There are 2 protein chains.
Amino acid sequence: MKKILIVDDDAELRNNLSEILKGEGYHTEEAGSGKEAIEKAVSSDFDIALIDLMMPKMSGVDVLSELRRIKPKTRVIMITAFATVENAVDAIKKGASDYISKPFKIDELLTTIRRVLEEARFEEGIMKLDLDFTLSSLSNYIRRNIIRLLSLRTGMHFMEITRELGIEDHTKVVFHLKMLKESGIIEQDKDKLYFLTKEGEKTLDCLKILENYLSNK
Amino acid sequence: MKKILIVDDDAELRNNLSEILKGEGYHTEEAGSGKEAIEKAVSSDFDIALIDLMMPKMSGVDVLSELRRIKPKTRVIMITAFATVENAVDAIKKGASDYISKPFKIDELLTTIRRVLEEARFEEGIMKLDLDFTLSSLSNYIRRNIIRLLSLRTGMHFMEITRELGIEDHTKVVFHLKMLKESGIIEQDKDKLYFLTKEGEKTLDCLKILENYLSNK
DNA sequence: GATATTTGTGAAGAATAATTCACAGGCAAA
DNA sequence: TTTGCCTGTGAATTATTCTTCACAAATATC
C-alpha cells in the first residue's frame, strides 16, 4: 500500500484529503507544520508527500528541500492557493515532481498522484537495470582487470590489453571487450584505442569502493 | 619477475644488495634518497621496497608512510643499524611488512623477502575470492531482494520470504537461499528462521553503497 | 607488393547458473 | 489418523556466460 504524507496547516483540508485518499486505498499520515512533516518523514518512508506551499514558519519550499535531502526517494507534489509560474518553476527545480493549485478537483489530484507513482516505478526500474548492468560487468575477473588497466593507462590498443592481461587467446579478450562496450563501460576512438567512458569510471569507483570495503575488515 | 626497490643512502650497500638480489632472479632498482625512492615508486610498481630507516633528510619512516599511501600494494621491509623495539613497532604499525637489522645475513634477508612475497600472494588471493563471492552473490536480482528483505525484517521463515518475493515456485527460492547460505551471507537458527550473517550485513552495505552511488548521477 | 601483425566475426562447444518438476519428511490442526 | 502446509532434496532441463577455434578484413612493415 502506497504511503502518502499530507503537509498543510489547514486541519480541515488535511482531514478531507486524508479521508478521500484512504478511500482510494492509500495509507495516509498528516502533518500540520513543516517541522512535524520532517519528523514523520525521518521515521517512515513515504512514497509521496503533498506539501502546501504557504505555511507559517517553515514554508513549503523549505520542507521540500529538506525532504529531498533526507528522503530522495519520496516524491513531492506541491499544492498552493496562489499559482504563479515562478513558484511552480522554483518548486520543480528544487525537486518537486509536480505542482497543483487550489482549488483543485479531487480527480485532478488523484490523476497526478497516480502519474507520479508510475514515474517513480519506472525510474526505479531504470535504476535496477543500471545496477544489474554494473554488477554483471564487475562479476567477471577479466573484465574487472580490463577496467583497472584502462583506468591506469587510458587509451590502450587491443593487443596491449591482451598482452598485459597475459591471455594467449586474443578472441577471449575480444569477447569481454565487446561486453564492456555494449554495457557502455568502455568505448573506442577512431584510432581503435580503448577508453573508459564516464559510466566506466563510475563503475571503477564502485569496484574500488567494494575492494576498500572488503579489505578493511 | 618480482621487482624490488632498494632505498639506502649507502651506495656500496645498495650495490651489493642489488647484485645479490639480481643473482636470485629479482629485478632491482636503487634509490639513494627518500625523494628518489618516491619518484621511482610513482612510475613503477614494486613488489617489495627495502628501506633503510636512517637516512638524511627524509627518514625511512617517512618514506614508508608516503609509499604506503601511493602504492599500498608494495610491501615494505625496513632495515636499520640500530634495532630498538620502539622503532620496529612503530614501523610495523605504519604498515611495514617486516623489519630486519644490520648487519644481517644475506640468507636472513632472502628468507624474509620470500616470506613477505608469499604473504602478499596469499592476501591477494583471499581478497580476490572475497570480491568474487560478494559480486556473484549480488549479481542476482532474487538474491539481492532476499538480502534486502532480511535486512528489513530480521529472522524470516522460508514461506514468508517466498511470499514476500511473489515467487510461485518455492524451490526456486530454496535454490537461492542455499547459495546465500553457502556463501555465508545468511544463516538459519534452530527454528529455521533465516538471518543475515555479519558477512551478509557487509554485503548489504556494499549493495547500498552501489545503489546510492548509481542513483546520484 | 608481399608479409606480418592487429583487430576483429561467427559458430560451436564447454562450463556454470538458474529453473522446473516429481517427490518426501515433519509437524500442526481437524 | 488424515489432511494440509512448511521446508526441503535431487535430478532433469533450460538459459546464460564463457571459451575455443577457424577464418578474415584492415593496417602496418619490410
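## Close-up views of the protein–DNA contacts and two helices of chain A

**A:N140 and the phosphates of DNA strand D.** In this view, a polar side-chain atom of A:N140 lies 3.2 Å from a phosphate oxygen of DNA strand D; such a polar contact is a pair of N or O atoms within 3.5 Å, and within protein one must be able to donate a hydrogen and the other to accept it, residues adjacent in sequence counting only if both atoms are side-chain atoms. The model is predicted, local features needing pLDDT of at least 70 and side-chain atom pairs counting only at pLDDT 80 or more, whereas totals for chains, interfaces and linings use all residues. Residues are numbered from 1 along each chain as its sequence is written, chains are lettered from A and ligands numbered from 1 in the order in which they are written, and side-chain values use heavy atoms, with hydrogens and water left out. The side chain of A:R143 places an N or O atom 3.0 Å from a phosphate oxygen of DNA strand D. From chain B, the side chain of B:R163 has an N or O atom 2.9 Å from a phosphate oxygen of this strand.

**The protein surface near DNA strand D is supplied by helices of both chains.** There are 20 residues around the strand, of which A:H176, B:M159, B:R163, B:Q188 and B:Y194 come nearest; a residue is near a strand if one of its heavy atoms lies within 4 Å of it. At least two residues each come from α6 (141-152) and α8 (170-182) of chain A and from α7 (158-165) and α8 (170-182) of chain B, helices being DSSP runs of H or I with at least four residues, numbered from the N terminus. The most, 5 residues, are given by α8(A). The surface divides into 7 nonpolar, 7 polar and 6 charged residues, where Ala, Val, Leu, Ile, Met, Phe, Trp, Tyr, Cys and Pro count as nonpolar, Asp, Glu, Lys and Arg as charged, and the others, Gly among them, as polar. Sugar or phosphate makes up 57% of the strand D atoms within 4 Å of the protein, and bases the rest.

**DNA strand C is approached by residues of both chains.** Of the 20 residues around this strand, A:M159, A:R163, A:Q188, A:Y194 and B:H176 come nearest. Sugar and phosphate account for 55% of the strand C atoms that come within 4 Å of the protein. A phosphate oxygen of strand C is 2.7 Å from a backbone N or O atom of A:M159, and a phosphate oxygen is 2.9 Å from a side-chain N or O atom of A:R163. From chain B, a polar side-chain atom of B:N140 lies 3.1 Å from a phosphate oxygen of strand C. The helix α8(B) gives the most to the surface near strand C, with 5 residues.

**Helix α1 of chain A spans residues 11-23.** Its 13 residues reach 18 Å from first to last C-alpha, close to the 18 Å expected at 1.5 Å a residue, a span defined as 1.5 Å times one less than the number of residues. Buried residues (under 20% relative accessible area; exposed, over 50%; partly exposed, in between; 1.4 Å probe, protein chains only) of α1(A) are A:R14, A:L17, A:S18 and A:L21. They lie on the same side of α1(A) because they cover an arc of only 105 degrees around the axis, taken from the directions from the helix axis to the C-beta atoms. The face turned away from this buried side carries the exposed residues A:E12, A:E19 and A:G23. At the N-terminal end, A:D10 caps α1(A), with a side-chain oxygen 3.0 Å from the backbone nitrogen of A:E12. Just after the helix, A:G25 takes a positive phi of about 95 degrees.

**A:K93 is found in helix α4 (residues 85-93) of chain A.** This residue is exposed, with a relative accessible area of 71%. Its C-alpha atom is separated by 13 Å from that of A:I77, 16 residues apart along the chain.
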